[in-house]
Structures are given as C-alpha cells and as structure tokens.
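Colleague: I should like to learn how the packing of helices is read from a model. May we begin with the structure itself?

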Amino acid sequence: MAITAGMVKELREMTGAGMMDCKKALTETNGDIDAAIEYLRKNGQAKAEKKAGRIAAEGIVRTVVRDDKIASIVEVNSETDFVAKNADFQAFVEAVAEQAVDTSAADIDAFMAEAWKEDSSKTVKEALVEKIAVIGENLNIRRFEQVKTDGCVVSYIHGGGRIGVLVVADTDVVNDNIKTCLKNVAMQVAAMYPKYVSRSEVSQEYMDHEKEILLAQAKKENPEKPDNIIEKMIIGRLNKELKEICLLDQVYVQDSDLTVAKYVDKVAKENNANVTIQKFIRFETGEGLEKKVDDFAAEVAAQAGM
C-alpha cells in the first residue's frame with residue numbers, strides 16, 4: 001500500500017513520534033494506522049497515546065446543576081475563539097445546558113429534534129440554525145450528558161469553558177464541606193485527565209494489552225535481563241500507569257501526601273459521612289476535532305521526499 005503524506009501527518013498527530021519513524025511504522029504495517037500506533041509504542045517511539053486528532057476546534061463547555069441531584073454538561077463548537085467569547089454565543093450555550101438538564105433524549109439526534117425550551121414552536125436544531133444566521137459563523141451542538149443521583153453531583157468549569165467536569169458521588173451527607181471536597185475532585189479531573197474512577201473499572205483486556213506493550217518495551221530496553229526480572233519490571237510499570245489513569249489512585253494535586261481516595265476519606269470522616277465517587281464526566285472543548293490548517297501534508301511530503 002502506498003504511504004501518503006496525509007497518513008504520516010495523521011500518525012504524527014496521534015502519537016507525537018517523528019516523521020520518519022511514522023513513515024517507517026506505516027510501511028512496516030502496510031498503512032494500518034492502529035497497527036502503526038502499536039508498532040511505535042512497542043519500539044518506544046510514540047511519545048504519548050493521544051486521542052485521534054488535535055484539540056483545535058473552538059467553542060465552550062457549560063454545566064448546569066440543580067439541587068445537587070441532577071446535572072448536565074454540554075459542548076457547543078464555533079469556528080473561532082472570537083465567537084466563543086461572544087456574549088450572545090455564551091448565552092445560547094447556557095440555554096443548551098438548561099435544555100440538557102431536562103432532556104429525555106438518549107442521543108444527540110433525539111436531543112436536536114426536541115422542542116426548544118425557550119420557544120416550543122421550534123426544535124433545538126431550528127434554534128441552532130437561527131443562531132448561526134445571527135452570529136454568521138458555523139456552530140455545532142456537539143455532545144451532552146445528563147446525570148441524576150440520590151447522592152450529590154458538582155460541576156467545575158476551567159479556563160472560561162475550555163474544560164468542564166461533573167463529579168457524581170454516593171453520600172449520606174450533603175453539606176458545604178462535602179461539596180467543596182467534590183469540587184476539588186472535579187478540579188483534579190480537569191487537571192490530571194484520569195480515564196477511570198478506580199482500578200475496578202479497568203478491563204482485563206486493557207490490562208493484557210498494556211502488559212503486551214510493556215513487555216515489548218522492556219525486552220527492547222533490557223535484552224540481557226532474565227524473564228523473571230522483566231516480569232517484575234512490567235508489574236511495576238503497570239502499577240505506575242494505573243496510578244496515573246485511575247482517579248482515586250492519583251496523587252492529590254493540592255496535597256501530595258495524599259491520594260485522591262485518601263483525601264475523600266479524610267473529608268468524609270471529618271463530616272461523619274460515607275462518600276463514594278461514582279463517576280466523572282470530563283469534556284474538553286474541541287477534543288478530537290481539528291481546525292482547518294495550511295497544506296501541512298505537502299510540507300511533510302517535501303521533507304520526507306515523498
């Protein structure tokens with residue numbers, strides 16, 4: 001299969017690896033992007049496993065929380081940062097979040113077909129089309145989630161709407177101290193980007209896959225070491241990774257002597273409460289989307305001699 005400059009560009013953005021490393025990986029895997037990512041990781045050339053595409057689109061995230069029991073989070077995209085800061089646009093996104101907190105829709109298509117709360121004579125989609133006409137720029141209601149709990153839900157917005165987080169907890173006490181604790185956990189989620197609440201959520205398939213990657217890396221780095229030593233190295237590296245991707249295992253950013261789990265337990269005991277973090281939702285504006293850029297693929301082709 002012919003390896004194109006566009007394929008090299010895509011793989012570079014997904015892995016952070018060098019241009020020639022990406023070209024070699026694609027050649028070795030006959031142009032299979034997923035296999036090329038595996039190749040780069042096993043050979044230690046992928047700097048990080050990034051989400052497909054760059055975080056480049058504009059817009060904002062907004063949340064609504066009602067009575068600590070129900071909440072919504074939405075992302076609405078615009079073409080430019082200028083519009084994202086526009087008061088009319090921000091008011092529209094707030095209205096979308098209010099719509100989402102009451103919605104019965106299970107997906108974005110059903111949500112867009114609902115009657116618009118601010119004017120039931122039109123749908124959400126029709127309200128969006130009207131707003132596009134007023135603002136003069138393409139807009140997109142990209143995603144939403146709604147949560148309900150018998151415990152407590154809190155929200156946190158970072159960077160004026162660049163990142164939004166909801167944290168849901170089971171708790172038999174809901175007071176200012178507990179809500180502050182959960183808000184701090186939401187700030188942790190925004191800053192440290194965990195993938196899971198706890199290790200119990202990590203699938204065996206994921207564990208086996210990471211062990212395979214770590215085994216290949218360890219053998220490449222330490223070809224002279226016996227298998228039993230390699231195995232211990234893998235266990236250590238896997239535990240380190242789990243501490244980074246599991247929220248409760250992470251070092252608490254506001255007190256490095258504690259993990260997030262220990263911080264939550266500490267606050268719970270101080271308030272005679274039983275608190276369990278159930279889930280979190282984290283939206284980052286433009287996550288996985290890509291702005292229009294100049295012909296970077298042609299630049300890559302020229303440098304790579306393609």
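Modeller: Let us begin with one pair of helices. In this predicted model, Asp-88, Phe-89, Phe-92 and Gln-99 of α5 are in contact with Val-124, Ala-127, Leu-128, Lys-131, Val-134 and Ile-135 of α7. By class, the residues of this contact comprise 7 nonpolar, 1 polar and 2 charged.

Colleague: How is the geometry of such a pair described?

Modeller: In general, two packed helices are described by the angle between their axes and by the distance between those axes. Here, helix α5 spans residues 87-102 and helix α7 spans residues 124-135; their axes come within 11 Å and cross at roughly 175°.

Colleague: What orientation of α5 and α7 relative to each other follows from this?

Modeller: Angles over 145 degrees count as roughly antiparallel, and α5 and α7 are therefore roughly antiparallel to each other.

Colleague: At what angle do the axes of helix α2 and helix α3 cross?

Modeller: The axes of α2 (residues 19-28) and α3 (residues 33-42) cross at roughly 120° and come within 8 Å. Because of that angle, α2 is oblique to α3. The crossing in which α2 passes α3 is right-handed.

Colleague: Which residues of α2 and α3 meet?

Modeller: From α2, the residues are Asp-21, Cys-22, Lys-24, Ala-25, Leu-26 and Glu-28, and they meet Ile-33, Ala-36, Tyr-39 and Leu-40 of α3. This contact of α2 with α3 has 7 nonpolar and 3 charged residues, with no polar ones.

Colleague: Let us turn to a single residue. Is Ser-72 buried or exposed?

Modeller: The cut-off for buried is under 20% relative accessible area. Ser-72 has 0% relative accessibility and so counts as buried. Ser-72 is located in strand β2, which covers residues 70-78.

Colleague: What lies 2.7 Å from a polar atom of the side chain of Ser-72?

Modeller: That atom is the backbone oxygen of Ala-97. Leaving aside residues up to four places away in sequence, Ser-72 touches Ala-97 together with Arg-62, Thr-63, Val-64, Ala-100, Val-101, Glu-145, Gln-146 and Leu-166.

Colleague: How many helices and strands does the chain have?

Modeller: The secondary structure comes to 12 helices and 8 strands. The chain has 306 residues, of which 46% count as buried.

Colleague: What share of contacts between residues at least 6 apart in sequence joins residues at least 24 apart?

Modeller: Among those contacts in the chain, the share is 66%.

Terms used: Residues numbered from 1 in each chain as written. Predicted model: local features only at pLDDT ≥ 70, side-chain atom pairs only at ≥ 80, totals over all residues. Heavy atoms only, no water. Axes fitted to C-alpha atoms, helices over the stretch in contact; angles between N-to-C directions. Helix = DSSP H or I, 4+ residues; strand = E, 2+ residues; numbered from the N terminus. Parallel < 35°, antiparallel > 145°, perpendicular 65-115°, else oblique. Left-handed = near helix turned anticlockwise from the far one by under 90°. Contact = heavy atoms within 4.5 Å. Nonpolar A, V, L, I, M, F, W, Y, C, P; charged D, E, K, R; others polar. Buried < 20%, exposed > 50% of the residue type's maximum accessible area, 1.4 Å probe, protein only. Polar contact = N/O pair within 3.5 Å; in protein donor to acceptor, adjacent residues only side chain to side chain.
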